[in-house]
Each structure stands twice: as C-alpha cells, then as structure tokens.
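Okay, thanks for coming, everyone. I'd like to walk you through how the pieces of this one fit together, from domains down to helix pairs.

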Amino acid sequence: MTERDVANNSDRSEDIIAALGEARTRHSALYITAGGSKREMVGRHCDAVELDVSAHRGIIDHQPGELVITARAGTPLTEVAAALGEHQQILPFEPPVFGGKATLGGTLACNLSGPARPWRGAIRDMVLGVQMINGRGERLNFGGRVMKNVAGYDVSRLQAGALGTLGVLTEISLKVLPRPQKTLTLRYALSAEQAVQTMNERAGEPKPLSGAFWVDGELYLRLSGAASAVDSTARQWGGEALDDDQAPWDQLREMTHPFFGGDTPLWRFSVQSSARPTAEFGAALIDWAGAQRWVRGEHPRAQLQRAALDAGGHVTLFRGGDRGGDVRPPLTPVERRLQQHLKKAFDPDAILNPGRLYSWL
Amino acid sequence: MTIARRTEDEDMQVNNAERLSASGTREALIRRLRDCLPADCVIENSESQRPYECDALTIYRDLPLAVVLPQNVQQVEDVLRICHTLDVPVVARGAGTGLCAGAMPHPEGVLLALGKLDRILEIDPLARTARVEPGVSNLSISEAAARHGLYYAPDPSSQVACSIGGNVSENSGGVHCLKYGLTVHNILAMNILTVAGEALAIGSLGLDSPGYDLMALFTGSEGLLGIVTEVTVRLLPAPEIARVVMAGFDSIDAAGNAVGAVIAAGIIPAGLEMMDRLAVRAAEDFAHAGYPRDAAAILLCEMDGTREEVAEHVDRVVQLFRELGATSLTVSADEHQRALLWKGRKSAFPAVGRIAPDYYCMDGTIPRGQVAYVLNEIYRLSKQYGLPVANVFHAGDGNLHPLILFDASDPEQVRQAESFGADILDLSVRVGGCLTGEHGVGVEKLRKMPSQFSPHELIQFEDIKYAFDPALNLNPGKGIPILKRCQEYRALPDRHRHD
C-alpha cells in the first residue's frame with residue numbers, strides 16, 4: 001500500500017445507509033458502482049441513479065497466519081493483491097483487475113474468477129464473510145473471518161453473482177493462499193476436440209495443474225506448486241515449455257487477448273468440462289479445462305441456449321449486443337418465483353440494481 | 001434442563017396428537033400416506049418409530065406422527081404434496097449421524113427418512129463427477145470412484161455411515177477440508193423438491209449458474225428450504241501419496257504455535273489435527289496408535305500430492321516442529337503406519353466415550369491464532385464446572401471439538417454440561433469465531449444464535465426462510481430462530497414458537 005492509498009481509505013458506510021434511506025423515501029432505484037470496470041458487461045443495463053461506493057475503501061485486516069484478508073468493498077483489487085504480495089500470498093481465484101479499476105465488491109458481485117478457478121475455486125468459494133446493507137438500509141454481517149461457519153444460511157456466498165441486487169456490499173473477508181513456489185506453462189498444437197479431451201484427462205491426474213485453455217489450435221497447460229513437483233510433471237507431460245512472459249495467462253484473465261477484441265457480442269458458455277466442442281458458433285476460446293467457453297458474433301439466442309443445455313450448462317451474453325433485453329437464459333416458473341421471493345426478502349422495495357440480473361428481478 | 005424439556009415434549013405430543021385426531025387430520029394424513037407408499041414404508045406406532053427419535057445428539061428426542069421411508073423420488077414428491085395440502089411439518093432425515101438434533105422429529109409432523117434413496121446413478125470419469133441419490137453414504141461415493149483413480153474429498157468422521165443428503169444439509173467438512181474445502185465447494189448441481197413438492201434443478205454441470213447461487217444457499221440450510229433428491233458431486237484425482245507427521249508437544253501453547261507456523265511457511269496440509277492429553281491417552285488406550293502418552297498435545301499433519309511435493313513438505317514440517325520444541329516426532333513410513341496414526345484420531349470420540357458415561361461434543365470455530373488461548377480458557381472452565389474435557393479437533397481450520405465428559409443420568413451434570421457448552425460457544429464468538437463450524441445449529445444451538453447475530457440479521461434469515469417455505473413447514477423449530485417481534489405482523493403457527 002502506498003501512503004496515498006492509506007490516505008484515501010475511509011469508512012463511508014453511513015453515507016451509503018443514508019443514500020439508501022433517501023432512495024426509499026423517494027421511491028427511486030439505485031445503481032451501485034465503484035470502479036465502473038464491468039458496467040458494460042456481465043449484467044443487463046440498469047436504469048437508475050448511480051450510487052458510487054468507490055470512496056468506501058481500504059484494507060481493514062490482514063492476518064497472514066490465518067490466511068484471511070478483510071477489506072472494504074470499494075478497495076481496488078490491485079491494492080489487495082499488493083498487500084498479500086508482501087507476505088507471498090495471492091487471491092486464489094485470480095480475478096481480472098481491468099487496468100486497476102476492478103474493486104473487491106464488484107468482483108464478488110459479478111463472481112469473476114480467472115484461469116485457476118477449476119482448481120482453486122471462484123471468489124464465491126473463498127468468501128468467508130460479508131458485511132452488507134440490505135434494501136431496508138440495515139447493516140448486516142454474515143459469515144466471519146474463520147474457515148468454517150455453518151450458523152445460519154450462507155448469505156455471504158449468495159452475494160457472488162447476485163450483481164448487487166440483494167444488498168450493497170461494504171466489507172468482505174476472504175480466504176487467501178500462499179503463492180506457489182514455481183509456475184510453468186506447457187504448449188501443445190491440438191484441435192479443439194483433442195484439447196478438451198486432453199484437458200479433462202490431465203485434470204483427472206494428481207498433478208499440480210492450475211490452468212488449461214485452448215485458442216487458435218493451441219492448448220496451454222499451467223503447472224503451479226512446489227518446484228520439484230512442477231518440474232517432474234513437466235518432464236512427464238512433455239510439450240513446449242514457455243517462459244512466464246510468453247505465456248498468455250494475463251491476457252486471458254484480463255480479456256486483453258485478441259480473441260476478446262472488438263465490439264461483436266461476446267457469449268460465455270458455462271458447461272460440463274468434457275462436453276464435445278462445437279464449431280456451430282465459429283472459433284471458440286476454451287478455458288477452465290473446458291468448463292468456460294467463449295464465442296463471438298450475432299447468433300440466434302435459442303440456438304445458443306440449446307447448445308448450452310446439451311452441454312449441461314448455460315450461456316450468457318457477457319458483453320456487447322442488446323443489453324436492454326435479458327442477457328441470461330430464461331428460468332422455469334418455479335425458479336423465477338423463488339428468485340423473485342429471494343430478492344424481495346433482501347430488497348422489498350426493489351431499490352438495488354433493479355433489472356441488472358434479469359429484467360423481471 | 002434437557003430432561004425437563006423431554007417431559008414437556010411428551011405432554012405436548014399427546015396434546016397435539018389429540019387435537020389433530022379431533023380434527024381428523026392425523027387419520028387423513030396416515031390414510032393418504034398409505035395410499036401412495038407401500039405398507040412397510042409408513043411407520044405409525046411409537047415402538048417402531050424409536051430408531052428415528054433422535055440423531056447422534058441423543059439428548060434431544062421426540063416422536064413424529066409418522067415416519068415415512070419413500071423408495072423413489074415420486075414417493076418423496078407425493079409425501080410433500082400431502083403434507084403441504086394438510087399443512088403438516090416435514091423433517092428430513094439422512095443417516096441420522098448429525099450432531100445438532102437437526103433430524104429430531106417434530107411431534108406434529110412427518111419424519112421423511114431418505115435412506116432408501118441410496119443409488120449411485122452415474123459416475124463420469126472424464127468430467128470427474130458422480131450423480132447420486134441423497135441416501136448414498138459419503139464413503140461409498142469414494143469407493144465407487146476409486147477404480148477411476150478419483151474420490152470425493154469431504155470426509156466427516158462419520159463418513160462410513162453419513163449420507164450425502166445430510167452432508168449437503170449441514171455443509172459437512174472433515175479432516176481434509178483445510179485443503180479441499182467443505183461440501184459447498186465439492187458439489188455442482190442438485191435436484192430439489194420444494195415444500196409444495198415442485199421440482200427445482202439448481203446448479204449446473206458447469207461451475208456456476210445464471211441466477212442467484214441457490215447451491216450456496218441450500219448447502220448448510222439444515223432441511224429448512226427444500227428436500228434434496230439428487231446431488232452431482234465433483235470428484236478429485238486421488239493423490240499419488242499421502243504421509244502424516246505426528247508431533248508431541250509439552251504444552252498447548254507450543255502445539256498451537258506449531259499450527260500457525262506450518263501455515264505461515266506457505267504449506268497447506270491436507271489435514272492438520274490436534275488432540276490434547278486426555279484425548280491422546282483415551283485414543284492410545286483404545287487404538288494403540290503409538291501416541292506419546294506424556295505429551296500435553298499432539299499434532300497430526302498430513303501432506304498429500306505428488307511424491308516430490310510431499311517429500312519436500314514433510315521435510316520442512318519436521319524441521320519446523322523440531323525448531324518449535326516437539327518432544328517426539330514420527331513420520332509415517334508406509335500406508336500401514338499412516339492408517340494406524342489416523343486410527344487413533346478417527347476413534348478418538350468412541351475412545352473418549354469409554355472413559356465417561358456420556359460426552360457432549362461442541363463445534364465452535366475460531367481464528368487459528370487463538371487456539372492456545374481458547375484451549376486454556378476451556379481448561380479453566382472445566383475446573384470451574386468440575387467436568388473433564390477432552391479436545392480432538394481440526395486445528396488447521398480452527399474448528400474446535402471439545403468433548404465435555406458427564407453423566408446423563410445425573411440431571412445436575414446435564415445442566416452443568418449444557419452450561420459449560422454454552423460458555424464455550426460464547427468464548428468462540430468473543431474471539432472472532434462462530435457458534436458452529438460443521439455440525440449445524442439444529443435444535444441445540446438455536447438459543448445461542450442471538451449471541452452471533454443481531455436481530456436484523458436473524459430477521460433476514462427468517463425472510464429467506466419465508467421466501468422458500470411461507471407456512472414454515474420444513475424442519476420447524478430448527479436452524480434459525482423465528483423472532484417474537486416478527487410474530488406481530490405474521491400469524492405464526494404454534495409449532496414454530498420457542499422462547
């Protein structure tokens with residue numbers, strides 16, 4: 001943390017509570033923002049008055065021996081990563097920092113995780129506790145700063161991917177991990193089909209795999225862990241070994257890889273890792289050992305959804321395209337009713353990010 | 001307290017049964033249940049119901065109107081629809097190994113025992129998943145996956161018997177969750193029936209789902225939100241090798257420091273367990289595992305992974321323990337010795353059970369750095385209450401399991417044990433921990449919930465409950481307290497009241 005960071009750190013939760021109270025009085029909805037890095041992605045367009053929570057920031061506590069860090073939601077991820085780095089620790093879920101703009105709160109709300117997700121978990125898996133302010137303006141604490149906690153419902157994890165529609169996140173406690181001693185990338189020339197098969201087979205071996213993605217006819221496997229284990233696995237698996245600066249993991253995580261360039265709609269498939277790849281929607285980028293696949297272009301929604309269902313998952317319009325319509329797949333009437341009831345349980349007056357997740361939510 | 005409560009419950013059950021009988025509801029319920037279930041799958045008489053009167057926390061007991069044992073999902077749905085129509089409570093039960101009275105029957109309700117739904121439906125070795133019914137035992141998933149070199153990671157001590165449905169309801173952990181996570185980290189998808197018997201599929205075969213994360217909300221929800229009828233779990237590759245380091249220490253503080261030192265060295269062991277003197281001696285007498293009887297505490301630190309990584313980490317852990325004053329050190333040389341070293345730990349509960357008529361197992365979780373302080377406080381309380389305590393627990397997670405020794409035939413000792421337990425929970429919360437790490441709230445810790453949660457937080461839990469179960473018919477009186485102040489604006493059924 002630089003001195004300027006420390007000077008910027010402050011608790012603005014009372015301001016947030018006041019803003020919510022005012023919004024309720026006026027019956028006007030709020031759109032929660034901080035770094036603004038994901039405004040045009042993940043969710044739908046949300047037409048509401050902005051509630052900027054970026055000033056509510058700062059690391060509250062980092063106990064390296066406990067593997068736990070607690071920070072205010074508006075804290076930039078880069079600041080969190082820097083504090084962890086001083087103790088050779090990392091955010092296990094490798095989130096995109098989007099040029100330093102991404103905050104901890106936004107990352108949890110969007111449940112964004114990087115290439116290590118299948119092995120080290122999503123931010124959803126690492127969250128130990130949250131403080132949040134619900135739609136009634138009540139400050140609530142769930143979970144805590146310990147590794148295991150099953151008292152009450154797991155409201156902390158429920159915030160992952162809820163896009164701020166259940167409450168304004170104010171503080172987040174996360175489990176962190178030691179930085180792996182060594183990282184090494186192996187590259188192979190393979191078709192998509194061969195790559196998916198190989199990724200899944202390799203993921204079934206007890207080896208220190210921490211990344212597996214395929215693009216443009218090349219499969220990249222990343223090994224992380226004790227140097228001896230990484231080296232011996234690399235010898236067994238073969239392939240072309242790449243230096244860190246040649247390996248495209250940062251480009252993948254930050255979505256700066258050329259695959260993600262331009263304005264054409266970007267679709268995200270979240271599917272069974274072993275599902276057979278399809279060329280139906282043009283060239284794909286296959287990450288998470290097959291469980292996350294990206295395609296580009298204008299495609300009929302029904303066709304995309306059928307393909308996702310066939311592959312055991314779902315598809316969302318991640319970026320671009322029509323963000324006024326629903327960007328997520330339709331739910332069954334029972335699912336829809338329960339999601340609406342849950343929303344109402346936290347935000348009865350529909351103040352928080354209405355329509356950001358679904359047009360009807 | 002417990003004994004007095006038992007008598008009241010009995011009285012209450014008679015009254016409720018009479019009332020229901022007078023209205024004809026009980027007869028209607030049994031008749032309809034019999035219409036859709038085979039004769040031997042509906043148990044009405046109290047003698048045959050006895051095996052279902054409690055879970056593994058046996059001080060809380062009750063009998064339901066009926067025990068039902070559905071054989072398939074359609075029958076589960078039928079039972080739920082009948083109970084929904086007649087406004088009758090439903091308590092789900094897996095293998096009954098729970099430790100918070102979460103599966104204790106409701107005197108006005110149906111006990112829905114899911115043990116007959118015990119099929120492993122599919123194992124997909126390439127995708128590394130298993131699709132199973134809720135009554136399948138935890139261990140049998142790993143056994144079935146073993147031929148593919150895979151296993152299911154969460155391993156509660158009861159894994160031979162406990163069911164995956166129960167694991168989901170309690171978000172069970174185990175010895176290896178420090179490295180591999182809890183149930184919530186190891187399941188992908190579930191089929192649920194709502195309280196009204198409607199089908200709901202949550203999660204996906206991918207790693208997330210499009211709306212709210214109901215997998216997170218349902219896991220650990222203690223049967224309060226819906227009934228699990230199928231679970232898809234993630235399987236992991238079985239490690240190449242596992243080795244365990246056992247170290248004895250001459251003080252609790254030295255052992256506590258050693259726990260922190262392993263983590264600070266950047267090593268995440270597969271398991272890091274601590275046992276104190278009373279537990280060590282009981283376990284050694286029982287299992288002859290080779291534990292040092294003179295140690296104030298021992299640590300069992302297991303490393304697993306590739307051969308190279310395990311060799312490297314074992315060396316570092318041995319060196320660390322030596323530097324931190326270990327009075328004895330043993331490294332498992334082979335699988336036989338590893339199994340023996342774990343045998344003592346795994347049999348510690350029954351071993352402690354041999355040295356006292358009864359024990360009461362607590363489950364607070366605390367920051368790792370507080371382990372020594374909290375254990376010393378527990379010893380102080382032990383003296384104050386005059387009840388011995390043995391500690392066997394997941395030190396790496398800070399998840400304590402103090403076993404309070406008492407005699408349940410002495411009402412005064414029961415009162416003292418409950419009071420001692422409550423003090424331990426307060427202590428856990430005070431040092432920044434929580435009431436329960438993996439056993440759940442159930443009936444047992446319901447009254448302690450306000451020590452961890454504010455009224456607003458409890459009301460938020462209650463509102464979540466109403467979102468899924470507006471008539472409060474799923475496992476009423478457990479998990480989350482329904483607050484009196486809410487009763488002002490809601491007509492609360494009698495069954496959910498508690499003081």
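So, what does the domain assignment of chain B give? It gives domain 1 at 2-113, domain 2 at 120-237, domain 3 at 239-355, domain 4 in two stretches, 358-390 + 402-440, and domain 5 at 453-496. Keep in mind while you look that this is a predicted model.

Chain A is split into domain 1, residues 3-178, and domain 2, residues 180-349. Let's stay with chain A for a moment. Taken over C-alpha atoms, the centres of domain 1 of chain A and domain 2 of chain A are 24 Å apart. On the domain 1 side, 34 residues are in contact with 32 residues of domain 2 of chain A. Between them, those two domains bury about 2,600 Å², with 58% of it on carbon and sulfur atoms. If you want residues to click on in domain 1 of chain A, go for A:Arg44, A:Pro115 and A:Trp119: they lose the most area to domain 2 of chain A, together 26% of what that side buries.

Back to chain B, and to its domains 2 and 3. Their C-alpha centres lie 29 Å apart. The contact here involves 8 residues of domain 2 of chain B and 12 residues of domain 3 of chain B. The buried area is about 860 Å², and 55% of that is on carbon and sulfur atoms. Within domain 2 of chain B, B:Val175, B:Leu178 and B:Lys179 lose the most area to domain 3 of chain B, together 60% of what that side buries.

Now the two chains against each other. How many residues of chain B are in contact with chain A? It's 81, and they meet 74 residues of chain A. The area buried between chain B and chain A comes to about 6,400 Å², with carbon and sulfur atoms giving 57%. On the chain B side, B:Leu207, B:Pro210 and B:Tyr212 supply 14% of the area that chain B buries against chain A, more than any other three residues.

One helix pair spans the two chains. Helix α12 of chain A, residues 333-346, packs on helix α17 of chain B, residues 455-468, at an angle of about 160°, with the axes 9 Å apart. That angle makes α12(A) roughly antiparallel to α17(B). α12(A) passes α17(B) in a right-handed crossing. From α12(A) you have A:Leu338, A:His341, A:Leu342, A:Ala345 and A:Phe346, and they meet B:Gln460, B:Asp463, B:Ile464, B:Ala467 and B:Phe468 of α17(B). The residues of that contact sort into 7 nonpolar, 2 polar and 1 charged.

Next, two pairs inside chain B. Start with helix α2, residues 25-36, and helix α4, residues 73-86: their axes come within 10 Å and cross at roughly 160°. α2(B) and α4(B) are therefore roughly antiparallel to each other, and α2(B) passes α4(B) in a right-handed crossing. On the α2(B) side the contact residues are B:Thr25, B:Ala28, B:Leu29, B:Arg32, B:Leu33 and B:Cys36, and their partners in α4(B) include B:Val79, B:Ile82 and B:Cys83. The contact of α2(B) with α4(B) comes out as 8 nonpolar, 3 polar and 2 charged residues.

Last pair: helix α14 of chain B, residues 371-385, and helix α15 of chain B, residues 411-430. They pack at an angle of about 155°, with their axes 11 Å apart. That makes α14(B) roughly antiparallel to α15(B), and α14(B) passes α15(B) in a right-handed crossing. Among the residues making the contact are B:Tyr373, B:Ile378 and B:Leu381 of α14(B), along with B:Phe420, B:Ile424 and B:Leu427 of α15(B). The split for this contact is 8 nonpolar, 3 polar and 2 charged.

That's my tour, so over to you for questions.

Technical notes: Residues are numbered from 1 along each chain as its sequence is written. Chains are lettered from A and ligands numbered from 1 in the order in which they are written. This is a predicted model: local features need pLDDT of at least 70, side-chain atom pairs count only at pLDDT 80 or more; totals for chains, interfaces and linings use all residues. Side-chain values use heavy atoms; hydrogens and water are left out. Axes are lines fitted to C-alpha atoms, for helices over the stretch in contact, and angles run from 0 to 180 degrees between N-to-C directions. Helices (H or I, at least four residues) and strands (E, at least two) are DSSP runs, numbered from the N terminus. Angles under 35 degrees count as roughly parallel, over 145 as roughly antiparallel, 65 to 115 as roughly perpendicular and the rest as oblique. A crossing is left-handed if the near helix is turned anticlockwise from the far one by less than a right angle, and right-handed if clockwise. Contact means heavy atoms within 4.5 Å. Ala, Val, Leu, Ile, Met, Phe, Trp, Tyr, Cys and Pro count as nonpolar, Asp, Glu, Lys and Arg as charged, and the others, Gly among them, as polar. Domain bounds come from an automatic or database domain assignment. Buried area is the accessible area (1.4 Å probe) that two parts lose on being put together, summed over both.
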